[in-house]
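Dear colleague,

Please find the structure below. My notes on it follow.

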Amino acid sequence: MADIGWLFGWAKENAIDIPLNADGTANIPKLFELYDEWRERNGDPSEAKSFPKPPKAYSFNRLNTKHHKDHAKEMGFKNTKEYEAAAVEFFNSDRGVLYYSEARNRYYRYEEKSGIYAASSNGVIHTYKYVSKRESQRKFSQDELYEQ
């Protein structure tokens with residue numbers, strides 16, 4: 001993960017309160033948003049909005065639900081452990097395109113060619129499944145997504 005210590009230094013120098021998640025940890029994407037807004041107000045709008053790389057995925061939330069077992073079966077996995085390993089590997093790879101949703105504070109990876117789609121936040125995979133191009137467009141239009 002990239003060194004973002006400078007971001008905390010910037011916040012301190014400019015008396016910016018660090019936004020927090022519900023669990024008390026720093027909301028890094030929101031802090032980057034504040035930085036980008038500050039940069040635009042202070043005469044540097046030339047650079048595109050920037051967000052940190054997502055944390056590496058390491059596990060799946062609610063892996064043994066009927067919903068996720070159905071996705072595992074649809075994707076051809078013998079069990080949910082294989083499904084989880086494939087989801088983590090796919091999300092952490094460079095395959096497809098990585099997106100970020102400010103509204104949901106969540107990252108999405110989608111590979112149009114294969115139709116594989118994964119969503120993650122804070123290193124936890126929320127879903128991993130096949131989606132059609134049309135379904136992906138519908139999902140992505142619900143939030144303002146930024147391509148990473």
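The notes below concern one helix, one hairpin and a nonpolar core.

This is a predicted model, in which local features need pLDDT of at least 70 and side-chain atom pairs count only at pLDDT 80 or more, while totals for chains, interfaces and linings use all residues. Residues are numbered from 1 along each chain as its sequence is written, and side-chain values use heavy atoms, with hydrogens and water left out.

Helices (H or I, at least four residues) and strands (E, at least two) are DSSP runs, numbered from the N terminus. Helix α4 has 13 residues; at 1.5 Å a residue (times one less than the number of residues), α4 should span 18 Å, and its end C-alpha atoms are 18 Å apart, which agrees. Buried residues of α4 include Y83, F90 and F91; buried means under 20% relative accessible area (1.4 Å probe, protein chains only). The buried residues of α4 pack against β1, α3, β2, β3, β4 and β5, where contact means heavy atoms within 4.5 Å.

The largest nonpolar core (buried Ala, Val, Leu, Ile, Met, Phe, Trp, Tyr and Cys residues joined through side-chain atoms within 4.5 Å) has 18 residues. Its largest share, six residues, comes from α4. Y83, among the residues with the most contacts inside the core, touches F60 and Y128, among others.

Strand β2 has four of its five residues buried. Five bridges join β2 to the antiparallel strand β3; strands pair if DSSP finds at least two bridges between them. Four residues lie between β2 and β3 in this hairpin, and N105 in the turn has a positive phi of about 50°.

Yours sincerely

Definitions and conventions. Buried means under 20% relative accessible area, exposed over 50%, partly exposed in between (1.4 Å probe, protein chains only). Lists of a residue's contacts leave out its neighbours within four places in sequence.
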